[in-house]
Amino acid sequence: MTFGDFELEHGTVQCPVCESENTKITQKIMDIPHFSQIWLFNLTCSDCRYKHNDFLILDIKDPTRLIYHAENKEDYTTKIVRAANGTISIPQIGAMIEPGPSADGFINNIEGIIRDIQDKAIFLKKNAETEEEIEKINEYIELLNSYIDRNLPIDIVIEDPFGNSTIIPFDPAKLETFKLSPEEAGKLKTGYIIFENVKK
Ligand SMILES: [Zn+2]
């Protein structure tokens, strides 16, 4: 990835799961030129093995909905920065990635997200019980292949009640940004985790 400088900091915090004081926090501030700074952090608890990755965009704070209209190979390199509270939906392939208590933040490009969905479908196929189910999943895997191979037009929607998710567009003209009303933001699922007692 082509991020600029970043700084590193380490410390310990109280584990949100087992309340152990032995949870390591690793933090990076990533500078993305002409865009923003992103605070990336990772928590690892040595006692209960709890792990969590997440992001905070440091200068955008409104509930947001972003839509990128991808239609060619370059567009598929657009990066999606999904904080743990972000909901990604891709209407053309009927896919939705919702936050949950164990949801992690991630940065991936559009092609990578479609491949991840495909991996999950392949995993589901292993647990399929009927021929009909297997056939449906195979059709879905093939559908995703057609997007990956031919870069068909596809819309990536990301909604975040805390405005911490974003899209780093290949072509800014193909990105739409909306502020969500409090009602719309309130309907989104969250996997919110609050850290108190952050210690250095
Ligand atoms: Zn723990």
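**Figure 1. The outer side of helix α1.** On one side of α1, D119, F123 and K126 are exposed. This is a predicted model. Elsewhere in α1, I110, I113, I114, I117 and Q118 are buried. These buried residues cover an arc of only 140° around the axis, which puts them on the same side of α1. The helix runs over residues 110-126, which makes 17 residues. At 1.5 Å a residue, α1 should span 24 Å; its end C-alpha atoms are 25 Å apart, so the two values agree.

**Figure 2. I110 and its contacts.** I110 is one of the buried residues of α1. Which residues does I110 touch, not counting those up to four places away in sequence? The partners are A70, Y76, T78, I80 and I156. Two of these names, I80 and I156, return in the next view, together with I110: they are among the residues with the most contacts inside the largest nonpolar core.

**Figure 3. The largest nonpolar core.** This core has 24 residues. Those with the most contacts inside it are I80, I88, I110, I113, I156, I158 and I167. Two or more residues come from each of β4 (51-57), β5 (64-70), β6 (79-82), β7, α1, β10 and β11 (166-168). Which element gives the largest share of this core? That element is α1, with four residues. In the protein as a whole, buried residues make up 25% of the 200 residues.

**Figure 4. The sheet of three strands.** This open sheet has the order β9-β6-β11, with antiparallel pairing. At the edges stand β9 (106-109) and β11. Each has a single partner strand, so one side of each is left without a neighbour in the sheet. Neighbouring strands are turned by 20° against each other on average, direction ignored. Three bridges join β6 to β11. One pair to find is V81 and its bridge partner in β11, T166. Helix α1 packs on this sheet and touches β6 and β9. The direction of α1 makes about 105° with that of β9.

**Figure 5. The sheet of five strands.** Follow the order β8-β7-β10-β5-β12 across this open sheet; the pairing is antiparallel. The edge strands are β8 (95-97) and β12 (175-179), and each pairs on one side only. From one strand to the next, the twist averages 15°. Strand β7 (residues 87-90) is joined to β10 (residues 154-160) by three bridges. In that pair, T87 has E159 as its bridge partner.

**Figure 6. Strand β5, with a partner on each side.** How many bridges link β5 and β10? There are seven, in the antiparallel sense. I67 has V157 of β10 as its bridge partner. Five bridges join β5 to β12, and these two strands also run antiparallel. Here T64 has K179 of β12 as its bridge partner. The side chains alternate along β5. T64, L66, Y68 and A70 point to one face and are buried. R65, I67 and H69 point to the other face and are not buried.

**Figure 7. F178 in strand β12.** F178 lies in β12. Is F178 buried, exposed or partly exposed? It has 14 C-beta neighbours inside 10 Å, so F178 counts as partly exposed. Leaving aside neighbours within four places in sequence, F178 is in contact with T64 and R65. Now look for P63. F178 and P63 are 115 residues apart in sequence, but 8.6 Å apart in space, C-alpha to C-alpha. Distant partners show up across the protein: among contacts between residues at least 6 apart in sequence, 66% join residues at least 24 apart.

**Figure 8. G186 in helix α3.** G186 lies in α3 (residues 182-187). With 11 C-beta neighbours inside 10 Å, G186 counts as exposed, because the cut-off is 12 or fewer. G186 and P161 are 25 residues apart in sequence and 7.2 Å apart in space, C-alpha to C-alpha.

**Figure 9. Helix α2 and the residue after it.** Helix α2 covers residues 131-150, which makes 20 residues. At 1.5 Å a residue, α2 should span 28 Å; its end C-alpha atoms are 28 Å apart, so the two values agree. Just after α2 comes N151, which takes a positive phi of about 50°. In total, the protein has three helices and twelve strands.

Note on methods: Residues are numbered from 1 along each chain as its sequence is written. This is a predicted model: local features need pLDDT of at least 70, side-chain atom pairs count only at pLDDT 80 or more; totals for chains, interfaces and linings use all residues. The expected span of a helix is 1.5 Å times one less than its number of residues. A residue is buried if 20 or more other C-beta atoms lie within 10 Å of its own, exposed if 12 or fewer, and partly exposed in between; C-beta atoms are placed from the backbone. The arc is that of the directions from the helix axis to the C-beta atoms. Two strands pair if DSSP finds at least two bridges between them. Axes are lines fitted to C-alpha atoms, for helices over the stretch in contact, and angles run from 0 to 180 degrees between N-to-C directions. Two residues are in contact if their C-beta atoms, placed from the backbone, lie within 7 Å. A nonpolar core is a set of buried Ala, Val, Leu, Ile, Met, Phe, Trp, Tyr and Cys residues joined through C-beta atoms within 7 Å.
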